[in-house]
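Hi there,

Here is the structure I promised to pass on to you. Have a look at it first, and then read on for what turned up.

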Amino acid sequence: MLLAAGAGTRLGRGPKALLPFRGSTLVERLARVLRDGGCRETVVVLGAGAPDVRARTDLSGHRVLDNPRWEEGLSTSFAAGVAAVAPGDDVLVALVDQPRLAAGTVARLLSRHRAERVTVAGYRGPDGALQRGHPVLFSRALADEAAAMASGDGGARNFLRAHPGLIDLVDCGGPSDGADVDTEGQLHLLEEW
């Protein structure tokens, strides 16, 4: 699932889903990355400016869902996306503001995932330590539990904090670095890679 419902308020350029990137938009590019990485179905969750995003992008081949509660926070998009994924399927959660996410990273997470676990992309911080990032791959039952615990802008954060023993952190450094575009100062990420 690709969470793409935010308004991009801190960035001040409208929904990040529509940011131009490599001849298309971030939402189009990242939906393709998930598919190319091995996701059988990609659910794209829209919210802010959803009619405009639908009109200005080609998301054919992906399941697109509007979250009318997007203003209540990331948790509502996470829960809506989990509910939309086919029953029994594991749930990979990616964020639309990570332009450097590569299909190889998605494939690595899928190949390393174990039943009844949460597989999380890890990236090296300035101190060299592996830090949790996105995407995050949940076994289905755990995704449902995480969605039930989600609140505000926390997404699955409450669940992950409560269950650190269920997390398998996978080093995903390389082309992907976990960087996201939240502010004007990070727009260079759309041009450098």
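In helix 5 (residues 140-149), the side chains of Arg140 and Asp144 come together in a salt bridge, with 3.1 Å from N to O. The two residues are four apart in that helix, about one turn. Arg140 is buried, at 14% relative accessibility, whereas Asp144 is partly exposed at 37%. Please keep in mind that this is a predicted model.

Helix 2 (residues 50-56) holds a pair with like spacing: Arg56 and Asp52 are four residues apart, about one helical turn. They form a salt bridge too, their closest N and O atoms being 3.2 Å apart. Here Arg56 is exposed at 51%, and Asp52 is partly exposed at 37%.

Another salt bridge joins Arg40 and Asp89, with 2.1 Å between the closest N and O atoms. This one links distant parts of the chain, 49 residues apart: Arg40 sits in the loop between helix 1 (26-36) and strand 4 (43-46), and Asp89 in the loop between helix 3 (74-84) and strand 6. Both are also among the residues nearest the centre of the second largest pocket. That pocket has a volume of about 240 Å³, and its lining comprises eight nonpolar, one polar and four charged residues.

In total there are ten salt bridges, and Arg114, Arg117 and Asp168 are linked in a network of them.

One last residue to look up is Asp97, in the loop between strand 6 (91-95) and helix 4 (103-112). Asp97 is buried, at 8% relative accessibility, and its side chain makes a polar contact of 2.8 Å with the side chain of Lys16.

Enjoy exploring!

Conventions
Residues numbered from 1 in each chain as written. Predicted model: local features only at pLDDT ≥ 70, side-chain atom pairs only at ≥ 80, totals over all residues. Heavy atoms only, no water. Buried < 20%, exposed > 50% of the residue type's maximum accessible area, 1.4 Å probe, protein only. Polar contact = N/O pair within 3.5 Å; in protein donor to acceptor, adjacent residues only side chain to side chain. 1 Å grid on protein atoms, 1.4 Å probe; cavity = no way out; pocket = protein on both sides within 12 Å on 5 of 7 lines; lining within 4 Å. Points joined across faces, edges and corners; volume = space filled by probe spheres on them. Nonpolar A, V, L, I, M, F, W, Y, C, P; charged D, E, K, R; others polar. Salt bridge = Lys/Arg side-chain N within 4 Å of Asp/Glu carboxyl O.
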